[in-house]
Amino acid sequence: MPNDGVSVLFLIVVFQCLLSAKAHSAILLPSQLNRDSPISSPVSCPAPDPNLYYQPVIGIVSHPGDGASGRLSNATGGSYIAASYVKFVEAAGARVVPLIYNEPPEKLLKKLELVNGVLFTGGWAKSGLYFETIGKIFEKILEKNDAGHHFPLYAVCLGFELLSMIVSKDNNILEDFSALNQARTLQFVENASIEGTVFQRFPPDLLKKLNTDCLVMQNHRYGISPRKLLDNQKLSSFFEILTTCKDEDDKVYVSTVRSRNYPVTGFQWHPEKNAFEWGSSRIPHTEDAIQITQYVANFLVSEARKSLNRPDAQELRDSLIYNYIPTYGGKAGKGYDEVYIFE
């Protein structure tokens with residue numbers, strides 16, 4: 001009997017070892033997949049694409065004020081960039097140069113030669129110097145692209161609203177919507193093609209969830225309806241509508257557009273907030289929501305890599321956002337968590 005017991009125990013141990021070996025063999029290293037290749041064979045890495053720039057820089061235009069409900073700065077003429085936009089760009093592998101909206105025009109335009117793309121942020125300002133500055137930068141972006149220089153633009157929330165005003169040449173084209181502080185789905189328009197758009201790289205399952213789950217953050221009181229955009233010949237010839245949303249009153253507004261002829265994408269929603277803002281409990285922070293932030297950021301930076309700009313290294317270092325220190329503005333538990341203030 002003792003011998004039989006030892007034999008049974010031995011068989012159990014052997015069986016467990018075989019199961020363990022089988023489980024571990026399910027995951028193989030690359031060298032294990034190709035048994036014919038010697039483990040010590042030299043590694044050949046493909047050369048980087050010479051047509052792409054792997055140190056892209058995005059210019060972000062500052063917005064009037066200090067970005068806080070309470071004062072963070074007493075500076076007259078101060079402006080800010082929410083740090084979430086900076087992190088959004090950096091997470092995709094690019095650096096940031098602040099384009100301070102009320103700098104001397106010659107200095108601002110010179111900074112455009114240091115960047116490979118531009119981002120217009122959300123906010124409230126729709127007139128005065130800020131509106132004029134956005135218009136001038138937009139004009140330069142179109143000029144660069146018309147000259148064969150691939151130069152992308154992202155316009156988020158207010159940024160898209162300003163483009164609607166500028167392209168239509170109608171400062172009263174925006175409509176009222178009730179879409180403050182709410183997460184929503186995105187509804188793709190019928191027959192919309194996502195090829196070459198910000199949505200092209202999204203996995204199919206994530207595209208489906210955009211239609212069914214509230215994964216994008218809305219925070220605006222103005223926008224434009226699909227009918228009004230399509231009825232305006234200047235807007236409809238410039239923009240193609242990709243998605244729409246409904247506000248609290250079930251009114252439909254345009255939520256994502258792309259330019260028909262330029263690398264310009266407009267968002268009425270906030271792709272940067274999911275991963276980098278915490279002031280509102282309604283901002284979606286699920287894994288799917290975070291992936292949306294990443295895919296949207298990756299598309300902007302992938303477009304910026306196509307840019308021909310190769311800035312002077314020292315001029316660039318002198319202008320980078322790293323020369324500024326962000327200010328914590330989220331102690332009240334609302335608004336932006338961090339802002340860069342330019343005084």
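Contact here means heavy atoms within 4.5 Å. With that in hand, welcome to this structure, which is a predicted model.

**The sheet and the helices across it**

A good place to start is the open sheet, where 8 strands follow the order 4-1-5-6-12-11-10-8 with mixed pairing. At its edges are strand 4 (95-99) and strand 8 (187-188), each of which pairs on one side only. Inside the sheet, strand 11 (residues 252-259) pairs with strand 12 (residues 264-267) in the antiparallel sense, over 3 bridges. Thr-256 has Phe-267 in strand 12 as its bridge partner.

Two helices can now be placed on the sheet. Helix 5 (residues 128-146) lies across strand 1 (57-61), strand 4, strand 5 (117-120) and strand 6 (153-156), and runs at about 150° to strand 5. Helix 11 (residues 287-304) lies across strand 1, strand 5, strand 6 and strand 12, at about 150° to strand 6.

**Helix 5 meets helix 6**

Two packed helices are described by the angle between their axes and the distance between the axes. The axes of helix 5 and helix 6 (residues 158-168) come within 10 Å and cross at roughly 75°. Angles of 65 to 115 degrees count as roughly perpendicular, so helix 5 and helix 6 are roughly perpendicular to each other. Helix 5 brings Tyr-130, Phe-131, Ile-134, Gly-135 and Phe-138 to the contact, while helix 6 brings Leu-158, Leu-162, Leu-163, Met-165, Ile-166 and Val-167. Of these contact residues, 10 are nonpolar, 1 is polar and none is charged.

**Charged pairs**

Side chains of opposite charge can pair when their charged atoms come close. The structure holds 10 salt bridges, and the table shows some of them.

| Pair | Closest N and O atoms |
|---|---|
| Glu-315 and Lys-110 | 4.0 Å |
| Lys-144 and Glu-113 | 3.0 Å |
| Lys-209 and Asp-288 | 3.0 Å |

Glu-315 sits in helix 12 (residues 313-319) and Lys-110 in helix 4 (residues 105-111), so their pair ties together parts 205 residues apart in sequence. Glu-315 is partly exposed at 34% relative accessibility, whereas Lys-110 is exposed at 53%.

Lys-144 belongs to helix 5 and Glu-113 to the loop between helix 4 and strand 5, so this pair ties together parts that are 31 residues apart in sequence. Lys-144 is buried at 11% relative accessibility, and Glu-113 is partly exposed at 42%.

Lys-209 in helix 7 (residues 204-212) and Asp-288 in helix 11 link distant parts of the chain, 79 residues apart. Lys-209 is partly exposed at 28% relative accessible area, while Asp-288 counts as buried at 19% relative accessibility. Elsewhere, Glu-103, Lys-107 and Lys-111 are joined into one network by salt bridges that share partners.

Conventions:
Residues numbered from 1 in each chain as written. Predicted model: local features only at pLDDT ≥ 70, side-chain atom pairs only at ≥ 80, totals over all residues. Heavy atoms only, no water. Pairing = 2+ DSSP bridges. Helix = DSSP H or I, 4+ residues; strand = E, 2+ residues; numbered from the N terminus. Axes fitted to C-alpha atoms, helices over the stretch in contact; angles between N-to-C directions. Parallel < 35°, antiparallel > 145°, perpendicular 65-115°, else oblique. Nonpolar A, V, L, I, M, F, W, Y, C, P; charged D, E, K, R; others polar. Salt bridge = Lys/Arg side-chain N within 4 Å of Asp/Glu carboxyl O. Buried < 20%, exposed > 50% of the residue type's maximum accessible area, 1.4 Å probe, protein only.
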